[in-house]
Amino acid sequence: MTRTRQWLVLCVVLMGTFMAILDVAIVNVAIPSIRADLHASFGEIEFVISAYTLTYACLLVTGGRLGDNYGRKWLFILGLLVFAAASLGCGLAPTTEVLIGARAIQGVGGALMYPQVLAIVQVTFAGEDRATALAIFGSVIGIASIAGQVLGGTILALDIWGLEWRPIFLVNVPIALAAVAAALFILPKEQHPEAVGLDWGGVALVTPTLLLLVVPLLEGRELGWPLWIVVSFIAAFPLAGAFILYERWFAKRGGRPLVRMELFANNRFAFGVPIAALFMASYAGFLFILAVYLQIGLGFSPLRSGLTYTPAAIGFFIASLSAPRFIPLLGRRVLSVGYVIAAFGLAATATTAYAAGGHLHGFELTPSLLIAGLGMGLGMSPLVGTVISGLKPEEAGTGAGIVTTTLQIGIALGVAIISLVFFTLLGTGSPGPAYADAFAMTLPISVVLLLVAAWLVRRLPRTPFEESNALIERLPGWSAGFAYSMFLMTGGRLGDRLVQEMSDQVAERRIRRTQQSPHAPGDFLAFHYRAAAADEAWMRYLAREALTYGNRTIPHEEQRKPVIEAQVNEVRERQAEGLLPADLDPGQLRLAAFALVSYPRLLPQVTRMATGMTPEDPRFRAGWEALLRRIGDALQAAARRGS
């Protein structure tokens, strides 16, 4: 497949991704319009939002397995068609009941379509292109997550053909059909789809469990909490227990359950799943009551409501793109920092709304919403990766599916619980101060959910190889270089402990590499060249150390010798296997390997002058790796001739 077609494949699948995520939030800004047009109760409007996320959550894992069985291309296209038909049904719905049913079918389409996207990206791209594609995928998710409010408000403000709220659904139809046409011609054919077992029994149990849990929360207040509502809510818990028992039984019989319960034996995963649910419940509940407060309580138009939310959207977008830069510095703590910042922003939003009463103009919320958005962006972007990082590689896909499903369940529960409290506090209050008071008194629930999530992040155990001092272990290159420089400039009197910790971590990382490196000499050299990118600050320190000490004894020399010995032993092992010439000195060979993998980054100016490319240039990296492989192959061929 050509590179051009690869990126066209990405564009096609991202069209489906954007629609699936966008439709989770876009309904919020249409709440007053839908309610007035269809004469719907607030409980029914909440169900319009939750129907989509419930079916989406229940069928997400099954949708992925259907793609494995019948071909990801065809399931992606089927999902688009179902989504388009359901969107048409939503846009033409004459009653609330029809709208709720169409939204549920929309969730089915999303569940069939969305799981195929990552699988298609994985098989279409490799190496750095795959990393770039996944980064774009993550950005599209972030943009779609925040665009619902603003885009929905804009569409409603345009009042296309006088259809009011209906175009927010109808706009999906031409986009989905265009994506189907593109998918038919652009997505690659799959030769041998893998047959995977389905867990329809699990689906049959989890669906009524979630319905019995969520429907009473949505409808109970307006129906006056009749006995059947209370009994339904209570029945959800034993049914949840039955689901857990069934999943364990199904797994013991050799089936592939929806939820692999043994993954919860991993403490990081066991704590991470509730973190995902708490965060998303807080976020979804906040978005819902914010839309109700602004549009019904204060009489804002959908566009004005969307623009009021824009600072949070901007903060979310900036932070979600910046979060990967903070991860090397803070590790998993970036989540707790994000949740605390978001909690502070929401608390400030509640305070501002309470103080303004019914006289809020919107701009007063800009600082607090921006802060809340920044925190939520930090808390969302690295969430799935952090939760599944403690799982084995072969478990990561299943774990990510469970976390994604949990996020959708969190949306449904967040809207149900937080709106229940909001409307209970509101009572029969009329627009104005009553809505402001109810909003200000309900929003602390979102704050508490975020703070509990931040506390649980502290309970996440460290993964293997995660050092105890996260800040030192993850210092950026310039900070590490500064610490090394201060150490040398003061003759070791300043920063000795800091440098020792860094040195220990470099040593551990390098010893780990000796255990992971491939045996073939060409692959061995290429592996160490790629891995050396993480040691640039250490390389600069070694260069300064050589200028400072020359051939004299260096600081911590005895502690560093085991690393050198382990690296020389790498060469001896390959000589014993006949992969390297046995007549060459192993120490000199390892020294030559060190020079080959380190020289371009150690002397970037020479690299640039010699090749016209910088060491960071992808063309240089590809060419240098190819050269290293040829050198390794030549050494291996010489070893064979010598034997």
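This is a short tour of a predicted model, moving from the whole chain to single residues.

**Whole chain.** Start with everything displayed as a cartoon. The chain holds 26 helices and zero strands. Of its 643 residues, 52% count as buried. Switch on a surface: the accessible area comes to about 28,200 Å², and carbon and sulfur atoms account for 66% of it. Among the contacts with a separation of 6 or more, 80% are between residues 24 or more positions apart.

**Confidence.** Colour by pLDDT next. The chain averages 80, and 84% of the residues score at least 70. Then select residues 463-498, where the pLDDT is below 50. In the model this stretch has 62 contacts beyond near neighbours in sequence. Where pLDDT is low, predicted coordinates should not be read in detail.

**Aromatic pairs.** The whole structure contains 16 aromatic pairs. Select Tyr52 and Phe83 for an edge-to-face example, with 6.5 Å from centre to centre and 80° between the planes. Tyr52 belongs to helix α3 (residues 42-70) and Phe83 to helix α4 (residues 72-92), so the pair ties together parts 31 residues apart in sequence. Tyr52 is buried, at a relative accessible area of 0%. Phe83 is also buried, with 0% relative accessibility.

For a stacked pair, go to Tyr246 and Phe250: here the centres are 5.7 Å apart and the planes are at 15°. Both residues lie in helix α10 (residues 227-252), four residues apart, or about one turn of the helix. Tyr246 and Phe250 are both buried.

Return to Tyr52 and Phe83 and add Tyr56 and Tyr114 to the selection. These four residues form one aromatic cluster.

**Charges over rings.** Select Lys73 and Trp74. Lys73 lies over the face of Trp74, 5.1 Å from the ring centre. Further along the chain, show Arg601 with Tyr529: the charged end of Arg601 sits over the tyrosine ring, 4.4 Å from its centre.

**Helix α23.** The last stop is residues 557-576, which make up helix α23. Its 20 residues reach 28 Å from the first C-alpha to the last, close to the 28 Å expected at 1.5 Å a residue. Which residues of α23 are buried? They are Arg560, Val563, Ala566, Gln567, Val568, Glu570, Val571, Arg574 and Gln575. Finish at Gly578, which follows α23 and has a positive phi, near 80°.

Terms used
Residues numbered from 1 in each chain as written. Predicted model: local features only at pLDDT ≥ 70, side-chain atom pairs only at ≥ 80, totals over all residues. Heavy atoms only, no water. Helix = DSSP H or I, 4+ residues; strand = E, 2+ residues; numbered from the N terminus. Expected span 1.5 Å × (residues − 1). Buried < 20%, exposed > 50% of the residue type's maximum accessible area, 1.4 Å probe, protein only. pLDDT = per-residue confidence, 0-100. Contact = heavy atoms within 4.5 Å. Areas by Shrake-Rupley, 256 points an atom, 1.4 Å probe, with all protein chains shown as cover. Phe/Tyr/Trp six-rings, centres within 6.5 Å; stacked < 30°, edge-to-face > 60°. Lys NZ or Arg CZ within 6 Å of the ring centre and 35° of its normal.
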